[in-house]
Amino acid sequence: VSRKAREKIEPKLVTIAGRRKWYIRWTPLGSRTPKIASTGIEIGDEGTEPPEAIEFLNNFREQLNAPPPDPYIGELLDAYIEIKRTKKVMDLPRLQSAVKALKLSFEFVRPNNITDHLISLHTERLSVKGSPIAPDTARKEIQTLVAALNVSIKKRWITSFPEIELPEESEPREHYLSKEEFGRLIGATKSAHIRLYMLIAGASGARKKSILELKWDRVNFETRVIDFRVPGRRKTRKKRVAVPIGRGLSAELQIAKEFAETDYVIEYHGSNVQDVKKGFGLAAEAAGVNATPHTLKHTAISWLAALDYSIQKISDLTGTSTKTIERIYRKVNPEYMRDAADDLDAIINSNSIISRVQLKNKQAK
């Protein structure tokens, strides 16, 4: 039997005239009368909400909106999202999208009723357009489900759930541009900001968002270093790094700086650029090149791998995990294993000569 979606209780931090502590005010479900509880945290001279009071509020909200006894998975997913929301995670939209998809299959399923069959039905479903769900999308959704259930165990909302096997990862896309293709792409670019984006992406292997959020105060022309890290921003798995740049890109950036109208390196008509997808696509089409903005990151890594730079150095320069670099490295530069292959061949060959001699002696007898 399904339960109706539970409404959320939204407690707030408040002050009360004549009192020196922060309070929480909320209205219980089904009631019109608000309630008040003290946080025990004193109001400072500045009168702003201190971190301790905000943390108290978040914990209080979590307890008020905790799933009911014997919860459905949909209720656990809602509670999981609320926790992530209060922590202001960077990938909240992705998590919300995954939760929305998971609810289609598991909203009114209890954790202990999860089966391999239900997981398969979810991961093998068709999209609204009628095409199969991408394997990576399905895998991320099930990872979100497992994460939500693990948090539910930690919070003691549930006591257990069956072991869930993640869908296999899809084969990675290995497309990258040749030097000739990159030259055609740059040559076909009509917009100065798209051209500058391409040069930075190709020379640093940085992600699109990192480049579009780059400001001039993080470009050091004296040391020739670009710092893609945004001050005060929480670190995520998609790490950003400070990287050295060559003299050619430095010269291009100095020219762009002279004509800059904003604080952003990539700008267009006096405003920072939100996306380069359209302009990049037009240039790629004109050049007859199969490429997206992300292709340039893969291209930079592939070129460095082919030049036999170490996996760690490529990882550090491009802000990419060593696991990803290793996968690309093995495909692009199998020569890095040549000395090991030659040593094995020498051992095998020397023993094969001995065995051939022994075999001939046996046949002669």
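Two strands pair if DSSP finds at least two bridges between them. By that yardstick, strand β2 and strand β3 (residues 35–42) of this predicted model clearly qualify, pairing in the antiparallel sense over 5 bridges. Two of the residue matches can be picked out by eye. K21 in β2 has E42 as its bridge partner in β3, and R25 is matched with I36 of β3.

On to the other neighbour of β2. Strand β1 (residues 12–14) is joined to β2 (residues 21–26) by 3 bridges, and these two strands also run antiparallel. Here L13 finds its bridge partner in I24 of β2. The β1–β2 unit is a hairpin, with 6 residues sitting between the strands. In its turn, G18 takes a positive phi of about 85°.

Put together, the strands make an open sheet of 3 in the order β1-β2-β3, with antiparallel pairing. That leaves β1 and β3 as the edge strands, each pairing on one side only. Direction aside, neighbouring strands of the sheet are turned by 35° against each other on average. The sheet also has a helix for company: α1 (residues 51–64) lies across β1, β2 and β3. Relative to β2, helix α1 runs at about 25°.

Further along the chain, the picture turns to helices. Two packed helices are described by the angle between their axes and the distance between the axes. For helix α3 (residues 92–106) and helix α5 (residues 135–154), the angle is about 85° and the axes are 9 Å apart. Angles of 65 to 115 degrees count as roughly perpendicular, so α3 and α5 fall into that class. On the α3 side, the contact is made by R94, L95, A98, V99, A101, L102 and F106. These meet K140, E141, I142, T144 and L145 of α5. Sorted by character, the residues of this α3–α5 contact come out as 8 nonpolar, 1 polar and 3 charged.

Helix α5 holds one more residue worth a look, R139. Despite being an arginine, R139 counts as buried, because its relative accessibility is 18% and the cut-off for buried is under 20%. What does R139 touch, once residues up to four places away in sequence are left out? The contacts are L166, P167, E168 and E169.

Conventions: Residues are numbered from 1 along each chain as its sequence is written. This is a predicted model: local features need pLDDT of at least 70, side-chain atom pairs count only at pLDDT 80 or more; totals for chains, interfaces and linings use all residues. Side-chain values use heavy atoms; hydrogens and water are left out. Axes are lines fitted to C-alpha atoms, for helices over the stretch in contact, and angles run from 0 to 180 degrees between N-to-C directions. Helices (H or I, at least four residues) and strands (E, at least two) are DSSP runs, numbered from the N terminus. Angles under 35 degrees count as roughly parallel, over 145 as roughly antiparallel, 65 to 115 as roughly perpendicular and the rest as oblique. Contact means heavy atoms within 4.5 Å. Ala, Val, Leu, Ile, Met, Phe, Trp, Tyr, Cys and Pro count as nonpolar, Asp, Glu, Lys and Arg as charged, and the others, Gly among them, as polar. Buried means under 20% relative accessible area, exposed over 50%, partly exposed in between (1.4 Å probe, protein chains only).
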